[in-house]
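Open the model in a viewer and keep the selection tool at hand. The stops below go from a pair of strands outward to the whole chain.

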Amino acid sequence: MKEEHIPGTPVPSGLPGPARPVTLARRPLALTLLGPLDIRVHDSSALPRAAKQRQIFALLAVQGNRIVSTDTLIEELWDGRPPASARTALQTYIGQMRQNLADLRGVDRRTVATELLVTEENGYVLRFDPQDLDLHHFKSKLCAGTTLLNEGRPHEAHTLLRDALDLWHGRPMENVRTGSVLDAYAHHLEGLRLSAAEHLARVRIKLGAYHEAQTGLSELCAQYPLNEELQALRMTALCGCGRRDAALDSYLLFRQRILDTLGMDPSPRLVDLQRSILSGHRPLAAAAA
């Protein structure tokens, strides 16, 4: 039995598990999670209208060719308060999803049940080529871009990190009524998105693209107003744009914000950055490292 990954625990490899070769693989399939959930077959959407079926599809897709246990699906669908008929209802939802996929693919329901939406021991698995999932491409580009950045190849890193973020079109699975399991995974994905955005800002600063970095960082700081790493990058980008006073004002606003919200002062690293700017230095290399 394949190991199941539950959100909130370490992600096994960061990429979907290996896809088993199937006859249906030659038929076009596209899965999107980085924004509204969608499942497209031959350019036609197979996304269920029913809320619980959307949850099932989303959870099977994020696990990427890994078994999702019946218990995990029930936890997601009913948030720890399942009805007595939960297992029967789950089987009904799976059956309806299989029939919809069979109709769109022009195959019989049994073929879908054995090759695509498969019953395994104690659960289900959605089998697909990882190349059909936007999340796979995002993680691959993020990993490769981060590696290039660490190797001192910022131009190549910039291209991959920018392309990775361009795959996002909103909050993860934003058209799905998520339960506790998908909520945890969505939070994990938002963390990966933030990591990619931070790396992209560092690359832009290294390349001297300060205005471009500042534009992105202003949006990120508004979204994550207590994130000190973003604040340091923004101050650095503002200095690179020749806006020293704006960088210092930004620091004062941040210091007051975390004092009011968290009852604490900025870290020594951020204080040192502010002092460096006050002294007339442009601490670009240190903050972008």
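Select V41 and S44: S44, in β3, is the bridge partner of V41. The model is predicted, with local features requiring pLDDT of at least 70 and side-chain atom pairs pLDDT 80 or more, while totals for chains, interfaces and linings use all residues. Residues are numbered from 1 along each chain as its sequence is written, and side-chain values use heavy atoms, without hydrogens and water.

Extend the selection to strand β2 (residues 38-41), which is antiparallel to β3 and joined to it by two bridges. Strands are DSSP runs of E, at least two residues, and helices are runs of H or I, at least four, both numbered from the N terminus. Two strands count as paired if DSSP finds at least two bridges between them.

Add β1 to see the open antiparallel sheet, ordered β1-β2-β3. β1 (29-32) and β3 (44-45) are the edges; each has a single partner strand, so one side of each lacks a neighbour in the sheet.

Next, select helix α3 (residues 86-105), which lies across β1, β2 and β3 at about 35° to β2. The angle, on a scale from 0 to 180 degrees, is taken between N-to-C directions of axes fitted to C-alpha atoms, for helices over the stretch in contact (heavy atoms within 4.5 Å).

Move to helix α1, residues 51-63. Twelve of its 13 residues are buried, so the rest of the structure largely encloses α1. Buried means under 20% relative accessible area, with a 1.4 Å probe and protein chains only. Among the buried residues are I56, F57 and L60. After α1 comes G64, with a positive phi near 55°.

Finally, show everything: the protein has twelve helices and six strands, and 48% of its 289 residues are buried.

Conventions
The expected span of a helix is 1.5 Å times one less than its number of residues. Buried means under 20% relative accessible area, exposed over 50%, partly exposed in between (1.4 Å probe, protein chains only).
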